[in-house]
Amino acid sequence: MLGTNPFDDDKLHEECGVFGIYNHPEAAAHTVLGLHALQHRGQEAAGIVSFDGKQFHTHKSMGHVADNFNSERVIQSLPGNAAIGHVRYSTTGGSAMRNIQPLFADLSSGGFAVAHNGNLTNAWTLRKLLVDKGAIFQSTSDSEVIIHLVATSTYMNLVDRVIDALRRIEGAYSVVALSQKKMIGARDPLGVRPLVLGKLSEGTYIFASETCALDIIGADYIRDVEPGELVVIDADGITSHKPFPTQQPRPCIFEHVYFSRPDSITNNSSVYEVRKRIGQELAKESGVEADMVIPVPDSGVPAAIGYAQQSGIPFELGIIRNHYVGRTFIEPSDQIRHLGVKLKHNANKAEIRGKRIVLIDDSIVRGTTSVKIVDMMRQAGAKEVHMRIASPPTTDCCFYGVDTPKKEKLLASRMNVEEMAQYIKVDSLAFISIDGLYRAVGESGRNNDSPQYCDACFTGDYPTPLTDESLGEGEKQISFLTDS
């Protein structure tokens with residue numbers, strides 16, 4: 001059996017990345033490059049829809065971008081000057097070919113393709129209403145609701161129909177859509193998920209989840225698509241629409257901690273610099289005497305550098321990562337799966353033996369990987385193992401497009417910090433405080449009356465209604481047909 005992520009790395013997984021380019025003769029090839037840069041946001045499947053002025057073309061596959069968009073034949077099958085693409089890690093709807101995005105439909109106004117990053121918290125409720133009215137869904141993805149709402153809107157022009165659809169959905173979304181004449185980028189009113197606007201040359205514009213996807217094609221970053229904004233690109237240029245009442249934006253703070261690539265700019269801040277400041281805050285809040293600071297690669301590296309700089313303790317690579325694990329791989333037996341951490345990480349014994357070490361990781365989800373990493377450090381001869389975590393304890397589920405275990409599976413929902421330290425067998429354990437995290441992103445602290453970020457996974461403070469969850473519909477399978 002083949003899988004794309006055979007070893008449980010006990011991390012939260014971003015659901016998707018989106019990319020779109022308008023007015024370029026090699027639109028599909030550039031979209032492949034953009035999706036390649038966004039691969040970290042979803043490794044389960046990838047898809048592209050292009051438009052050549054007469055017809056739409058699509059190619060979708062399970063697996064990585066580099067494995068499925070690597071031939072001239074595939075690129076030539078996606079002609080046209082406009083294209084949108086998507087990389088996926090499924091939460092809602094499950095893993096299946098029919099759920100690979102962009103989703104496409106022939107509407108009364110013409111072809112319409114949508115790529116969505118985020119999660120709709122009233123998708124089941126809306127889907128049920130649409131099905132009762134005769135809608136026939138082709139996928140089990142929450143994103144298909146957007147297409148049906150656009151299709152059934154009574155407004156005359158496409159932009160008004162898209163706005164009408166977005167007004168009815170709840171939750172988090174960054175959307176890139178493509179019609180025969182327009183490319184549209186939109187963010188939910190709170191801006192939970194990121195979306196940036198770039199420019200490659202005169203009249204050639206790009207939407208992308210992160211700026212690293214602009215860098216790879218040599219495009220300039222213009223600005224973030226603002227929370228609640230619709231940006232429309234067509235032959236006449238760019239127009240901006242802000243159809244929603246103004247709200248305090250609440251972008252996902254975990255984009256800074258883990259999801260975004262460190263070379264990206266998120267919410268006008270360098271992800272790399274923020275992660276270093278997180279490490280500095282950690283050192284101020286939870287310093288400990290030690291001989292070296294060691295990151296759990298790769299996401300713990302910038303925070304470990306910041307911790308080392310602030311504390312004066314040397315930074316060393318005490319864990320070496322094998323970068324070739326996690327690609328398509330033969331599904332391992334239980335015995336081999338147990339060795340998964342060692343297949344991905346190996347201790348640098350010569351550096352660790354006899355030393356007091358501070359391990360820096362980005363988060364603890366279920367704690368399974370932390371237990372194995374700490375044991376690896378002990379086996380390598382570490383004298384003391386102290387662990388510092390670059391996020392507050394993850395106590396609650398995310399309903400906005402992040403694959404999170406159920407609340408009862410989250411270690412921090414079951415144990416306090418002292419109990420967690422005993423469970424993973426460290427000499428000491430500390431997490432950055434929620435105010436420390438806010439300071440690292442440039443705030444003076446969390447405004448508890450009007451939080452500046454979505455931090456629900458740390459606080460349980462959800463910024464939008466959880467309609468499906470409150471009705472007990474969040475766990476329901478939304479189709480009777482199961483793909484094999």
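The legends below describe three close-up views of a predicted model.

**View 1. Surroundings of Thr31 in helix 1.** Helix 1 spans residues 27–37; helices (H or I, at least four residues) and strands (E, at least two) are DSSP runs numbered from the N terminus. Thr31 has a relative accessibility of 0% and therefore counts as buried (under 20% relative accessible area, with exposed over 50% and partly exposed in between; 1.4 Å probe, protein chains only). Beyond its neighbours within four places in sequence, Thr31 is in contact (heavy atoms within 4.5 Å) with Phe19, Ile21, Ile48, Ala83, Ile84 and Gly85.

**View 2. Surroundings of Leu158 in helix 6.** Helix 6 covers residues 158–168. Leu158 counts as buried because its relative accessibility is 14%. Ser109 is 49 residues from Leu158 in sequence, with a C-alpha to C-alpha distance of 7.5 Å. Ser109 is also among the contacts of Leu158, together with Phe112, Val150, Ser179 and Ile184, when neighbours within four places in sequence are left aside.

**View 3. Surroundings of Ile294 in strand 18.** Strand 18 consists of residues 292–295. Ile294 is buried, at 0% relative accessible area. Not counting residues up to four places away in sequence, Ile294 touches Glu316, Gly318, Ile319 and Ile352, as well as Ile357, Val358, Leu359 and Ile360. Of these, Leu359 is 65 residues away in sequence, and its C-alpha is 4.9 Å from that of Ile294.

Residues are numbered from 1 along each chain as its sequence is written, and side-chain values use heavy atoms, with hydrogens and water left out. In this predicted model, local features need pLDDT of at least 70 and side-chain atom pairs count only at pLDDT 80 or more, while totals for chains, interfaces and linings use all residues.
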